[in-house]
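Open the model in your viewer and follow the stops below. The tour deals with aromatic ring pairs and then with a surface patch.

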Amino acid sequence: MSGNILWNSTMNDLMVRFPDRGPSENGGFADEVLDVAVGIDVSTVRSIIQKDTQVFLQWAREHGLTFSPGKTKAMLITNRKNVRKGTIYLDNQPVEWVSTYKYLGVTIDDKLTWNQHIQNVSNKANIVMAQCRSCLLYTSDAADEGLGV
């Protein structure tokens, strides 16, 4: 419990570095951090996120932590087609742009259709259902053998 309290205090120190009403919204859970920005164009959004990455990196340095550019992803949610996204850098490393991302168990796509999330949940449910059927058949066969049927 004390480890959780210490980590929550550390993460709180990161969250308070952003204004309550700023151009971006930030959140975190466990060791996941989310930065969301809205702007009139892609260049504005990218600029906001790039400034936020500097805040994240400074906080990490002060706490002896690092962010992994390889695990960091960026997603642009828009209905526009053929948008030039440009590059966001984290510690001088380019951040990968993705069209879907799983955050806290929810798969979000860049069009907010939820299709990929529904497909993932459906696939998982089908696997569990097949495992349950297998267990029922196994226990049914074992019960039949035990009864001498």
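**Aromatic pairs**

This predicted model contains two aromatic pairs. Select Phe56 and Phe67 to begin: their rings are edge-to-face, with centres 5.8 Å apart and 65 degrees between the planes. The angle is over 60 degrees, so the pair is classed as edge-to-face.

Now colour by secondary structure. Phe56 belongs to helix H2 (residues 42–62), while Phe67 sits in the loop between H2 and strand S3 (73–74), so the contact ties together parts that are eleven residues apart in sequence.

Keep Phe67 selected and add Trp59. These two rings make a tilted pair, at 6.2 Å centre to centre and 45 degrees between the planes. Showing Phe56, Trp59 and Phe67 together gives a cluster linked by ring pairs.

Which of these residues are buried, and which partly exposed? Phe56 has a relative accessible area of 7% and is buried. Trp59 is buried too, at 3%. Phe67 has 23% relative accessibility and counts as partly exposed, because buried requires under 20%.

**Nonpolar surface patch**

Next, turn on the surface and select Ile77, Val106, Leu112, Trp114 and Ile118. Together they form a nonpolar patch with about 440 Å² of accessible area.

Finish at Trp114, one of the patch residues. Where is Trp114 found? Its place is the loop between strand S8 (106–109) and helix H3 (115–147). Trp114 has a relative accessible area of 36%, which makes it partly exposed. That value is over the 30% needed for patch residues.

Notes:
Residues are numbered from 1 along each chain as its sequence is written. This is a predicted model: local features need pLDDT of at least 70, side-chain atom pairs count only at pLDDT 80 or more; totals for chains, interfaces and linings use all residues. Side-chain values use heavy atoms; hydrogens and water are left out. Rings of Phe, Tyr and Trp (its six-membered ring) pair if their centres lie within 6.5 Å; planes under 30 degrees apart count as stacked, over 60 as edge-to-face and the rest as tilted. Helices (H or I, at least four residues) and strands (E, at least two) are DSSP runs, numbered from the N terminus. Buried means under 20% relative accessible area, exposed over 50%, partly exposed in between (1.4 Å probe, protein chains only). Patches are made of residues with over 30% relative accessible area and no salt bridge: like charges are joined within 9 Å, nonpolar side chains (Val, Leu, Ile, Met, Phe, Trp, Tyr) within 5 Å. Accessible areas come from the Shrake-Rupley method with a 1.4 Å probe; for residues, only the protein chains shown count as cover. A salt bridge is a side-chain nitrogen of Lys or Arg within 4 Å of a carboxyl oxygen of Asp or Glu.
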